[in-house]
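Student: Could we go through this model together? I would like to begin with what the terms mean and then turn to the helices.
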Amino acid sequence: ANVGRLAQAAGEIDVHVLAAAAQVDDLRKSSYGIMNIAREIQLLAVNAGVEAARHGASGRGFAVIAEAVKKLADQTRAATDMTEKHLVKLAATIERLQAQ
């Protein structure tokens, strides 16, 4: 009876570990999507800065906005990099649980 309960509990744990691994994969996909958005925003900010420079004094206000957007994209990229590091650690923990 105890062996049966242990086997059932192990099976339930396995289901939860597999679900957690799938969630990590989903989070990783979302993180990559956010990184791609940040990359595109950085590119837009650079292009906006170039256009602002082309317009000289009349483009200065736009240059300030472009720089602020670039900083936000940089912050987003840093946050997604940190998220990826946490996801790697979580995935490793899940792999260890699966091995046990």
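Tutor: A definition comes first: two residues are in contact when heavy atoms of theirs lie within 4.5 Å. Please also keep in mind that this is a predicted model.

Student: Then which residues is V69 in contact with, leaving aside its neighbours within four places in sequence?
Tutor: With those neighbours set aside, V69 is in contact with I41 and A45. V69 itself belongs to helix α2.

Student: Is V69 buried or partly exposed?
Tutor: V69 counts as partly exposed, because its relative accessibility is 31% and buried would require under 20%.

Student: And how many Å separate V69 and D14 in space?
Tutor: From C-alpha to C-alpha, V69 and D14 are 44 Å apart, with their positions 55 residues apart in sequence.

Student: Let us turn to the helices. What does α1 cover in sequence, and what should its residues span?
Tutor: Helix α1 runs over residues 2-54. Its 53 residues, at 1.5 Å a residue, should span 78 Å, and the C-alpha atoms at its ends are 78 Å apart, so the two values agree.

Student: What about the span of α2?
Tutor: Helix α2 comprises residues 60-99. Its 40 residues should span 58 Å at 1.5 Å a residue, and the end C-alpha atoms are 58 Å apart, so here too there is agreement.

Student: Which residue just after α1 takes a positive phi?
Tutor: That residue is G56, with a phi of about 60 degrees.

Student: At what angle do α1 and α2 pack?
Tutor: The angle between α1 and α2 is about 160 degrees, and their axes are 8 Å apart. Helix α1 is therefore roughly antiparallel to α2, since angles over 145 degrees count as such. By class, the contact of α1 with α2 has 25 nonpolar, seven polar and seven charged residues.

Student: What is the handedness of the crossing?
Tutor: The crossing in which α1 passes α2 is left-handed.

Student: Which residues are buried in α1?
Tutor: The buried residues of α1 are V17, V24, R28, S31, M35, A38, Q42, A45, A48 and A52. Helix α2 is included in what covers them.

Student: And which are buried in α2?
Tutor: In α2 the buried residues are A66, A73, T80, E84, L87, A91 and I94. Their cover includes α1.

Student: Why does E84 count as buried?
Tutor: E84 has a relative accessible area of 16%, and buried means under 20%, so E84 meets that cut-off.

Student: What does E84 contact, leaving aside its neighbours within four places in sequence?
Tutor: E84 is in contact with R28, S31 and Y32. Of these partners, R28 and S31 appear among the buried residues of α1.

Student: Now Q42: where does it lie, and what does it touch?
Tutor: Q42 lies in helix α1. Not counting residues up to four places away in sequence, Q42 touches A73, D74 and R77. Q42 is buried, at a relative accessible area of 14%, and its partner A73 is buried in α2.

Student: Back to α2. Is V88 buried or partly exposed?
Tutor: V88 lies in helix α2 and counts as partly exposed, with a relative accessibility of 44%. V88 and R28 are 60 residues apart in sequence, yet 9.1 Å apart in space, C-alpha to C-alpha.

Student: And A79: how many Å apart in space are A79 and V17?
Tutor: A79 and V17 are 26 Å apart, C-alpha to C-alpha, and 62 residues apart in sequence. A79 is placed in helix α2, where it counts as partly exposed at 42% relative accessibility.

Student: Finally, where is D81, and is it buried or partly exposed?
Tutor: D81 is also a residue of helix α2. With 35% relative accessibility, D81 counts as partly exposed. D81 and L43 are 18 Å apart in space, C-alpha to C-alpha, and 38 residues apart in sequence.

How values were computed. Residues are numbered from 1 along each chain as its sequence is written. This is a predicted model: local features need pLDDT of at least 70, side-chain atom pairs count only at pLDDT 80 or more; totals for chains, interfaces and linings use all residues. Side-chain values use heavy atoms; hydrogens and water are left out. Helices (H or I, at least four residues) and strands (E, at least two) are DSSP runs, numbered from the N terminus. Buried means under 20% relative accessible area, exposed over 50%, partly exposed in between (1.4 Å probe, protein chains only). The expected span of a helix is 1.5 Å times one less than its number of residues. Axes are lines fitted to C-alpha atoms, for helices over the stretch in contact, and angles run from 0 to 180 degrees between N-to-C directions. Angles under 35 degrees count as roughly parallel, over 145 as roughly antiparallel, 65 to 115 as roughly perpendicular and the rest as oblique. A crossing is left-handed if the near helix is turned anticlockwise from the far one by less than a right angle, and right-handed if clockwise. Ala, Val, Leu, Ile, Met, Phe, Trp, Tyr, Cys and Pro count as nonpolar, Asp, Glu, Lys and Arg as charged, and the others, Gly among them, as polar.
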